[in-house]
Number of protein chains: 2
Amino acid sequence: MNSSGAEYQGGARSGRRPGQSGTREAILDAASHQFAARGYTRASLRAIAREAGVDQKLIAHYYGSKQRLFVAAIGLPLNPAEVLPALLEGPRETLVDRLRELLVFVLGTAEVHRRLTGVVRAAAGEPEVARMMREFMAREVFGPAAKALGGDDATFRLNLVGSQIVGLVMARFVVAIEPLASAAPEVVADTIAPTLARYLVGPL
Amino acid sequence: MNSSGAEYQGGARSGRRPGQSGTREAILDAASHQFAARGYTRASLRAIAREAGVDQKLIAHYYGSKQRLFVAAIGLPLNPAEVLPALLEGPRETLVDRLRELLVFVLGTAEVHRRLTGVVRAAAGEPEVARMMREFMAREVFGPAAKALGGDDATFRLNLVGSQIVGLVMARFVVAIEPLASAAPEVVADTIAPTLARYLVGPL
């Protein structure tokens, strides 16, 4: 894992950006609508394709999977279904270093934390966003990552990690309490990474 | 500190409840409006009294202080300006037990976490609520509690505590990820209290 954060950019690359084709916009709009109306689990690529007026194969071509389409449609700056397993794959004794590096990247990259803040705000304010996030996290993130983590309480541990990350976004970017809001990403990462490491692999 | 949570009920008692007089309602409505329009710092009891059409002394009689009026108006179930110093007053070696007890009370008392969730949602969704919370926390909570805690990084430490508590509310009650959302208050408190204790007095 290098410190440029390039390996986290999958979600951001497939998100909405100026210059993107109208077809992609139509797919993302239809996906946002279908995920909000039906939740993550029940929304289907077929219905999204129909609403966007495109062939379902085109969605697969652009986004690869329902999971990645969701990440792009909701505007997540990184795909937790890809980031978490990568974090957990390495040696446990350096997990805290990988967590620290990820936090520095997220906190230090404006486009990333701006989009993350948008998703947190939307989940707090709109029940249908909370629902689709809940279903997405359960199915695509917590489930697979719990297998990688192992142990009876793995999903609970991953929930705790989610709680601290969402709370950090709320405190630093939404309510913007000081000095946390202005602290250097490295300083914040130094204090939060051990919490996340304990939640994942430490004694609870 | 007993486990009934009676000592935390100050905020809840002074909140809006059925049977409350029209005068109190008028004061709380005027306070909500003035705090939202001017922020916590610039809102004045004089302007709130004028808008409510009551004598300023009546506000002092009902709510005691601007701080307590704010807690009641925004619907906070407990007053962090009173809870935090009480937590910090006792011996440091039992701080984690007091944190655990407070978490069990908050998570296990429907009216308390329901109102806390309402405030977190409002802060996430409405910039003027985020602003008044930020000013209230800085002036009435973090400032005095940092003195009680001591050390150069006391306010930063209190910010970290706030981040984990808000994140816990988001994860358990707003997005409601499982199994965290359904876990017993005692189980959640056991895992979160050591994090809060480390943020307050442990090595960062």
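I looked first for salt bridges between chain A and chain B of this predicted model, and the count I noted is zero. I then turned to polar contacts, and between chain A and chain B I recorded 18 residue pairs, with both residues at pLDDT 80 or more.

Next I asked which elements of chain A face the partner, and found that α8 (110-125), α9 (127-149), α10 (154-174) and α11 (185-201) each supply at least two residues of the side that touches chain B. Of these, I marked α10(A), from which the largest share of that side comes, namely 12 residues. Sorting the side of chain A that touches chain B by class, I entered 25 nonpolar, seven polar and five charged residues.

For the extent of the interface, I noted that 37 residues of chain A are in contact with 37 residues of chain B, and that the two chains bury about 2,900 Å² between them, with 67% of this area on carbon and sulfur atoms. I also looked up the leading contributors, and wrote down A124(A), F156(A) and T191(A), which supply 17% of the area that chain A buries against chain B, more than any other three residues.

Last, I checked how the copies are related: chain A is superposed on chain B, with an RMSD of 0.0 Å, by a rotation of 180° with 0.0 Å of shift along its axis. The two copies are therefore related as by a two-fold rotation axis. Looking along chain A for the C-alpha nearest the axis, I found that of G167(A), 1.7 Å from it. I closed the entry by noting that the same surface serves both copies, since 100% of the contact residues of chain A recur in chain B.

Notes: Residues are numbered from 1 along each chain as its sequence is written. Chains are lettered from A and ligands numbered from 1 in the order in which they are written. This is a predicted model: local features need pLDDT of at least 70, side-chain atom pairs count only at pLDDT 80 or more; totals for chains, interfaces and linings use all residues. Side-chain values use heavy atoms; hydrogens and water are left out. Copies are superposed by least squares on the C-alpha atoms of residues with pLDDT of at least 70 in both. Contact means heavy atoms within 4.5 Å. Buried area is the accessible area (1.4 Å probe) that two parts lose on being put together, summed over both. A salt bridge is a side-chain nitrogen of Lys or Arg within 4 Å of a carboxyl oxygen of Asp or Glu. A polar contact is a pair of N or O atoms within 3.5 Å; within protein, one must be able to donate a hydrogen and the other to accept it, and residues adjacent in sequence count only if both atoms are side-chain atoms. Helices (H or I, at least four residues) and strands (E, at least two) are DSSP runs, numbered from the N terminus. Ala, Val, Leu, Ile, Met, Phe, Trp, Tyr, Cys and Pro count as nonpolar, Asp, Glu, Lys and Arg as charged, and the others, Gly among them, as polar.
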